[in-house]
2 protein chains.
Amino acid sequence: MRVTLADIAKACETSLSTVSRALSDPDKVNPQTRERIQRVAREMGYMTNPIARALAVGRTGVIGLIVPDIANPFFPPIIKAVQARAGRKDTAVLLADTDEHAADELERARVLSKQVDGLIMVSPRTPEDRLAEFVQLAPVVFVNRQVEGAPSIIIDNSDGITQAVQHLVALGHRRICYLNGPRRSWSNDRRRAALKEACAKYSVELIELGPFEPQVQAGVHAADLVQASGATAVIAYDDQIALGLMARLAEHRLQVGRDISVIGIDDSPMSDVAYPTLTSIHVPGAEAGAVAVDILLAQLDADDADPAPVVQLETRLVIRGSTGPAPTQRLVTTESIGPLLGGEIPSRATRRTD
Amino acid sequence: MRVTLADIAKACETSLSTVSRALSDPDKVNPQTRERIQRVAREMGYMTNPIARALAVGRTGVIGLIVPDIANPFFPPIIKAVQARAGRKDTAVLLADTDEHAADELERARVLSKQVDGLIMVSPRTPEDRLAEFVQLAPVVFVNRQVEGAPSIIIDNSDGITQAVQHLVALGHRRICYLNGPRRSWSNDRRRAALKEACAKYSVELIELGPFEPQVQAGVHAADLVQASGATAVIAYDDQIALGLMARLAEHRLQVGRDISVIGIDDSPMSDVAYPTLTSIHVPGAEAGAVAVDILLAQLDADDADPAPVVQLETRLVIRGSTGPAPTQRLVTTESIGPLLGGEIPSRATRRTD
DNA sequence: CCGGGTGCGGCAAGCGCTTGCGCTAGGGTT
DNA sequence: AACCCTAGCGCAAGCGCTTGCCGCACCCGG
């Protein structure tokens, strides 16, 4: 059977509480006895029972992580980062996937909240007005969604999107298409808003399609609509959609990067190996995950009621092979490039392996 | 504060134990009182405290899942399947990623084992002789690795690999290259063995390269070696490597599917969106995950010491765009196709969207 | 009319750990 | 020499739940 504190106490002919202290609060006990106890504990192969400890101290050493879809390549890096960061702080991660069902999020959170110290909600799809309920449940930090009064780590799409539009404008595109993400997605709203603004600024015509689920299949579906739209460039809600789109366009013998330009969002690992490689807006998911853990853990042993931190991460365009000059190539005149010159945000677009 | 059984007992003017029973063992208590208690519990918003329960019954309702690398697209579908299946049985999943470090696996397992009812080890990299230690720790089922005396759900590569070789032979390839996976990978050994056998059977020359880590970058690295090898077709340890390989070959202006054929293993979601789409051996990861949960949970409340089940899942070749006729195309004579005719395993290769 | 079921409910002993409090003995202070 | 302080340790009360066991009514058959 498993060795308990009591076993060790017996072996050491001391009291259970001394053993407990020797192991978990070492300087409350005489160095000699401490050594002895620790040695015996090691010899007996003692490992503290986290369940019992949790019950006693009211802390589990586990945090819950809820994501919409593990299979979406945007999330694994986040999960991994959370995992890694938590692990380094002796914290385990309870994972839940809601399969993109907004309604399940609260349910999962409710269940998890009882067995974890805190929750990290990544890209929650729950409608605005019910978001507050999460906060009641347990300490929670939101990733990729700003929530009033709760710590949120959000991603500012505007830089990346502005860069994307600049990039397209510079390439001569004047009519671009946006493939919307899920209907009530907060990210989608933000991206769309940023895009509208950038398009207005550069006098680019914006055509909206969708909503689409963030899945390859949706992109495939979108492809035909895109072709009908007459746009020369398209920005997709995420890489998944962009990839599906590209695959389908290729089937139609359209050469992406020449006949039509495609930009994704997320800069997921797949961007590099797709063909052509996918120009994408880099979203720092891993950083977000790591920061989320830090904030959550800090929040746990802080006197609550200090201001909920909101950290904002930046995005940037990563140019690869899927974007190129607009097909009806015309001479670049001062007039056509004019809008660009008015831009305030400096182009930080970077070119990577393509 | 949180409502406990005691609170409800007080409210109902009954004893704590009756409340407990009414809630978790309903037919041990009179229907009337039961109803009343359940109603009050609901009204008071009671939720049983899983920690306390776990301490009392010695079961946590949590299982541990250890995978080598969440970022490898082979794993998310498995994780997701485990998640989903466990969820349906009121079980949560504690996830750990070992970053491909074999040595960490035992360590993580040891820690997790204290707070879970059982463990699922996916594609463990731990060397053979230490595998037994996992079994001591907790009920465990292995996925994608056969372990003596422990429930294992393994994937039989031979069918898929035989199909792959047949496929290549039919296309006229006579000299194929295998990119080995990690040095001490069990899967790699199996794949390699199956491949050797198939190649011998069809008198195909087999060139081995590697080992390589299962990452895109490794495939990029492999590309140059492959070109030097003079092989007309290559089978990679996994899709990641295959994708990196293809990307690099494309950079060198080699047209995959025409100048050289590439086959991956895993049939990960990326196979469909790569260019060209990747011919790959389908590995039923999701099924494996689901079955693993079933077996583990069954194992938990079975009289142990009944035989450790070993379930074997099959693989099959999914043909897409990355394979084509060998470049030095010659007439297919009876002689050159001869070896194929001797094959016992019927070709179940399926052609999907490519 | 009485013995023995049977159906319900309560008591209390845990599960393994933490921690406030009190006791003791030794050393320092004045 | 009387006093206080402190370091070190033990006692015991929980944390919230489960569950074996016992007692009590009540009902049945004999």
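Let me begin with the symmetry of this predicted model. Chain B is superposed on chain A by a rotation of 180° with 0.0 Å of shift along its axis, and the RMSD is 0.1 Å. That is the relation of a two-fold axis. The two copies use the same surface: 100% of the contact residues of chain B recur in chain A.

I turn now to the interface between the two chains. Here 36 residues of chain B are in contact with 36 residues of chain A. On the side of chain B that touches chain A, the elements giving two or more residues are helix 4, helix 5 (75-88), strand 2 (92-97) and helix 11 (239-251) of chain B. Strand 2 of chain B gives the most, with six residues. By class, this side of chain B has 27 nonpolar, five polar and four charged residues.

Strand 2 deserves a further remark. Strand 2 of chain A, residues 92-97, runs antiparallel to strand 2 of chain B, and three bridges join them. Within this pairing, A:V93 has B:L95 as its bridge partner.

Finally, I come to the DNA. Which residues come nearest to DNA strand D? Of the 25 residues around the strand, they are A:S17, A:T18, A:N30, B:T4 and B:S17. Both chains have elements that give two or more residues to this surface: helix 2 (16-24) and helix 4 (50-57) of chain A, together with helix 2 (16-24) and helix 4 (50-57) of chain B. As for its composition, the surface near DNA strand D has ten nonpolar, twelve polar and three charged residues.

Notes
Residues are numbered from 1 along each chain as its sequence is written. Chains are lettered from A and ligands numbered from 1 in the order in which they are written. This is a predicted model: local features need pLDDT of at least 70, side-chain atom pairs count only at pLDDT 80 or more; totals for chains, interfaces and linings use all residues. A residue is near a molecule or strand if its C-beta atom, placed from the backbone, lies within 6 Å of it. Helices (H or I, at least four residues) and strands (E, at least two) are DSSP runs, numbered from the N terminus. Ala, Val, Leu, Ile, Met, Phe, Trp, Tyr, Cys and Pro count as nonpolar, Asp, Glu, Lys and Arg as charged, and the others, Gly among them, as polar. Copies are superposed by least squares on the C-alpha atoms of residues with pLDDT of at least 70 in both. Two residues are in contact if their C-beta atoms, placed from the backbone, lie within 7 Å. Two strands pair if DSSP finds at least two bridges between them.
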